[in-house]
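Student: I've got a new structure open and I'd like to find my way around. Can we go through it together?

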Amino acid sequence: MREAAYLRAVSINIDDSVLVQQSQTGDMMALERLILKYQSRIYNVILKMCGNADDAAELTQEAFVKVIESIEKFKGRSSFYTWLFRIAVNLTLNHCQRAARTATRSLDSEETDADGKTTQLLKEFLSDSSVADPAVLAQSRELCDLAKRSLLVLEEPQRAVVVLRDIEGMNYTQIADVLNIELGTVRSRLSRARSNLRDILESMVK
Amino acid sequence: MKPNPNLDELLCSFMDGELSVRQRTEVQRMAAHDPAVARRLKQLEKSRAMISSLPMAEAPVDMLERIKESLERRTLLQDQPLPARRSAGAWHLAFRQLVSAAAVIALLGVLGVVVYQIVRPVPHGALLPLPDIGKRVSMSEAPRLVPSPVVVADAGFTGRLELRTHSLVHAGASVERAIEDSGLSGRVQPDIVNSRRVYQVVGTRESVNRFVASLSGAWSNFGAATLQMEGPDSAQPVVVESLTPEQAASIVAQNSTEASFEAAKGYAITNYMARNMPGGEIRPLIQDDSGTMTAMIVIPRPKETGPNDSVPASPVPHGKAQVSLTIVLLDAR
């Protein structure tokens with residue numbers, strides 16, 4: 001475990017292209033470093049997209065297995081970072097489409113769980129007089145749960161754009177590369193997603 | 001304020017730092033002068049803040065181990081790398097195609113052999129050479145004649161009947177008795193060459209048919225019977241192996257050279273198939289005259305006729321049609 005933490009710390013400073021090149025020559029250590037470097041970021045994105053920890057772990061594992069099996073074919077036309085996320089996001093989108101009905105039912109059943117205190121917190125946050133301070137939000141577990149739930153109400157393509165931008169922190173070009181869509185589509189999809197999120201949150205406090 | 005998609009897009013790009021310096025200045029100016037734009041910008045920023053404030057989830061600590069185990073499982077299941085499996089699949093497909101092609105070729109080969117057996121030319125020396133037989137049994141029309149029901153212009157035919165036997169003496173006696181019974185007189189003497197006895201029979205179809213009928217009783221003494229028949233005009237001769245007395249009678253009883261030849265060809269095919277088909281499925285067809293290929297050939301059974309039988313008048317005289325049959329008895333030992 002300590003070795004893994006050390007490897008991850010070391011890997012962060014090594015350029016991806018070097019690790020990829022070493023991996024393509026059969027260097028298992030380089031492959032492990034790539035996995036350790038990205039495993040949590042991939043897991044986090046997948047979890048926010050699918051909303052289930054077990055599924056997220058399974059999909060993360062599957063994504064890395066696919067990466068290892070295909071690393072020899074990676075030509076470097078895009079960055080390893082976007083290639084890796086493309087594999088993970090595609091796997092997750094496919095999974096979400098299969099499980100779409102179940103996810104919706106689960107969300108609907110939980111929708112009534114928000115208590116009065118949480119609703120009041122959200123109402124205050126959404127009011128025009130308050131300030132959008134992420135630090136304050138992060139301290140409220142209830143608001144975080146509402147945010148997760150509202151995210152899952154979005155359609156998968158909009159959810160993917162929001163997660164890649166607001167959680168993973170990708171720029172528009174990287175998002176376009178991962179999702180294989182036009183830059184203009186990223187812009188419009190993201191603005192619609194944020195607008196929809198606002199509507200969903202407002203509907204929760206009514 | 002009603003959401004404006006174009007404004008939302010612009011404001012989102014502004015929030016995300018995806019605008020040029022000039023565009024950013026423009027958005028800042030709009031927000032400063034228009035409270036509605038400023039409010040919408042704030043709303044969108046809150047939407048973003050809700051999501052970006054979500055805590056980062058750490059991957060399970062054993063993720064690396066899980067990935068390794070998954071890879072090992074896949075390797076065990078697949079046993080070989082993907083390209084090798086594709087290659088094995090291609091080889092398997094090619095092998096199946098090859099086997100199919102071989103089966104088709106083998107089938108064509110078998111059919112070719114069947115056809116060849118039927119239409120093959122008889123090479124010189126394939127049948128035993130015969131001595132020059134000067135004596136021919138000239139037949140007068142027998143009073144006990146049973147004529148064929150239909151008689152047309154007929155040139156007869158020439159054939160050679162080989163009969164293998166373990167007892168040349170007894171078989172010879174049977175042949176000679178049959179010649180006498182059929183009215184071919186007792187002048188027939190065999191040419192004895194080495195271990196063969198050769199008889200030459202020339203007569204009408206009716207008299208030769210009576211000869212075959214008479215000989216049918218002793219047919220079981222012959223190990224094998226083969227008829228070689230000359231074709232009409234320039235047609236290749238036909239060889240009927242495993243000839244039965246019924247078939248011999250049928251060939252002889254036809255009312256023209258062509259009909260006899262066609263009947264012989266039909267028996268050549270059916271006998272060959274009966275010998276070579278697994279389980280002898282053709283046998284019942286040969287033995288059953290109804291609704292089969294052999295039923296197309298008129299097969300009058302050999303029939304013994306006595307002196308008192310009434311003889312219907314033949315509608316067309318056919319005494320000139322001569323059947324020349326060379327009977328060769330071979331020692332099968």
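Student: How many helices and strands are there in chain B?
Tutor: Keep in mind that we're looking at a predicted model. In chain B, count the two kinds of element separately. The tally is ten helices and six strands.

Student: What share of the residues of chain B count as buried?
Tutor: Chain B has 333 residues to go through. A residue needs 20 or more other C-beta atoms within 10 Å of its own to be buried. The share of chain B that passes is 31%.

Student: Where is the kink in helix 3 of chain A centred?
Tutor: Helix 3 of chain A covers residues 28-50, and 20 of its 23 residues are buried. Just after helix 3 comes A:Gly51, with a positive phi near 75°. The kink itself is about 45°, and its centre is A:Tyr38.

Student: Is helix 11 of chain A roughly parallel or roughly perpendicular to helix 12 of chain A?
Tutor: Helix 11 (residues 172-179) and helix 12 (residues 183-205) of chain A have axes 9 Å apart and pack at about 105°. Angles of 65 to 115 degrees count as roughly perpendicular. So helix 11 of chain A is, relative to helix 12 of chain A, roughly perpendicular.

Student: Which residues of helix 12 of chain A make that contact?
Tutor: From helix 11 of chain A come A:Tyr172, A:Thr173, A:Ile175 and A:Ala176. By class, the contact between the two helices has five nonpolar residues, one polar and one charged. On the side of helix 12 of chain A, the residues are A:Leu183, A:Val186 and A:Arg187.

Conventions. Residues numbered from 1 in each chain as written. Chains lettered and ligands numbered in written order. Predicted model: local features only at pLDDT ≥ 70, side-chain atom pairs only at ≥ 80, totals over all residues. Axes fitted to C-alpha atoms, helices over the stretch in contact; angles between N-to-C directions. Helix = DSSP H or I, 4+ residues; strand = E, 2+ residues; numbered from the N terminus. Parallel < 35°, antiparallel > 145°, perpendicular 65-115°, else oblique. Contact = placed C-beta atoms within 7 Å. Nonpolar A, V, L, I, M, F, W, Y, C, P; charged D, E, K, R; others polar. Buried ≥ 20, exposed ≤ 12 C-beta atoms within 10 Å, placed from the backbone. Bend = angle between axes of the 7 residues up to and from the residue.
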